[in-house]
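Here are my notes on this one, in the order I'd go through it with the viewer open. Have a look at the model first, then see what you make of the points below.

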Amino acid sequence: MNNHTSIIRIDKDEVFKEISKLTSYMGDKDNQPEAYSKILATDEDRIFFERTFDMALAECRNMLYPYTKNAIPTIIRREICSELLPPNDYDPNAYVVNHINPNEIKLLLPRHFSHITINLIEKLLNEYIINRLMSEWIMITVPEKHSYWIERCASTKKQISTALTARTRPLKRTLRPF
């Protein structure tokens, strides 16, 4: 085949550490004395971030759709349609589905897709998830700064889109002296 598989791993713990650092920094740099305790995200807030993290990761998979789309495995199709099949037509043991790592994004890329671009996309996806989580957190703690984080999310999303289409084919230079 002319394609290869690349796996982008998003480390949830590292994302949460980065969120904690950002909120600590923002609270420390704010001129109001109660801002630090108001903005700071702690381990107790991790439950709030879990849901938003899952949503942001799903958004990332959707942004990368042309490279992440996969056919539904036969086993899952049979599971979905089990009530439509006669009882003797399927094996109940066949319904064990291997779950993929939820913090990974598996991409099926053209063989000549730039490895540098894959690295850039991985960093941009991490940045997008952090910005997305920060926008949700800031919406609750400091609503007046929420629009800044929404703009950062949109900007990062645009960068991801640009990176996906930037270097998909080898560059061929023509010889035209005049």
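## Notes on the model

1. Start with a stretch to treat with care: over residues 74-81 the pLDDT stays under 50, and the model has 13 contacts there beyond four places in sequence. Residues 89-99 also have pLDDT below 50, with 15 contacts in the model beyond near neighbours in sequence. This is a predicted model, and the chain as a whole has a mean pLDDT of 77, with 74% of its residues at 70 or more.

2. Now the core. Which residues touch the most other members of the largest nonpolar core? They are Leu125, Ile129 and Leu133, in a core of 37 residues. Two or more residues each come from helix 1 (12-29), helix 3 (46-63), strand 2 (104-110), helix 6 (115-141) and helix 7 (146-166). Helix 6 gives the most, at 11 residues. As background, nonpolar side chains in soluble globular proteins tend to be buried together.

3. Leu125 is a good residue to click on. Not counting residues up to four places away in sequence, Leu125 touches Ile8, Ile10, Cys60, Leu64, Ile105 and Ile160. Several of these names come back below.

4. Take Ile8, then, which sits in strand 1 (residues 3-9). Ile8 counts as buried because its relative accessibility is 1%. Its contacts, leaving aside neighbours within four places in sequence, are Asn103, Glu104, Ile105, Leu107, Ile121, Glu122 and Leu125. For one of these, Glu104, the C-alpha atom is 5.6 Å from that of Ile8, although the two residues are 96 apart along the chain.

5. Helix 3 has 18 residues, and its first and last C-alpha atoms are 25 Å apart, close to the 26 Å expected at 1.5 Å a residue. Its buried residues are Phe49, Thr52, Phe53, Ala56, Leu57, Cys60 and Met63. These lie on the same side of helix 3, because they cover an arc of only 150° around the axis. The other side of helix 3 has Ile47, Arg51 and Asn62 exposed. As for partners, the buried residues of helix 3 pack against helix 1, helix 4 (65-68), strand 2, helix 6 and helix 7.

6. Helix 7 can be read the same way. With 21 residues, helix 7 reaches 30 Å from first C-alpha to last, close to the 30 Å expected at 1.5 Å a residue. His146, Trp149, Cys153, Thr156, Ile160, Ala163 and Leu164 are buried in helix 7. Why do they count as being on the same side of helix 7? Because the arc they cover around the axis is only 105°. Turned away from that buried side is a face with the exposed residues Glu151, Lys158, Thr165 and Ala166. The buried residues of helix 7 pack against helix 1, helix 3, helix 4 and helix 6.

7. Two residues help with the helix 6 and helix 7 packing. Asn131 lies in helix 6 and is buried, since its relative accessibility is 1%. Leaving aside neighbours within four places in sequence, Asn131 is in contact with Trp149, Arg152, Cys153 and Thr156. His146 lies in helix 7. The label on His146 deserves a second look: at a relative accessible area of 19%, His146 is buried because the cut-off is under 20%. Outside its neighbours within four places in sequence, His146 is in contact with Ser135, Ile138 and Met139.

8. Last, the cysteines. How many disulfides are there? The count comes to 0. Cys60 is not bonded to Cys153, which has the closest cysteine sulfur, because the 9.7 Å between their sulfurs is too far for a bond. Likewise, Cys153 is in no disulfide, its nearest cysteine sulfur being that of Cys60. What about burial: are Cys60 and Cys153 buried or exposed? Cys60 is buried, with a relative accessible area of 0%, and Cys153 counts as buried at 7% relative accessibility.

Terms used. Residues are numbered from 1 along each chain as its sequence is written. This is a predicted model: local features need pLDDT of at least 70, side-chain atom pairs count only at pLDDT 80 or more; totals for chains, interfaces and linings use all residues. Side-chain values use heavy atoms; hydrogens and water are left out. Helices (H or I, at least four residues) and strands (E, at least two) are DSSP runs, numbered from the N terminus. Buried means under 20% relative accessible area, exposed over 50%, partly exposed in between (1.4 Å probe, protein chains only). Contact means heavy atoms within 4.5 Å. A nonpolar core is a set of buried Ala, Val, Leu, Ile, Met, Phe, Trp, Tyr and Cys residues joined through side-chain atoms within 4.5 Å. A disulfide is a pair of cysteine sulfur atoms within 2.5 Å. The expected span of a helix is 1.5 Å times one less than its number of residues. The arc is that of the directions from the helix axis to the C-beta atoms. pLDDT is the predictor's confidence in each residue, from 0 to 100.
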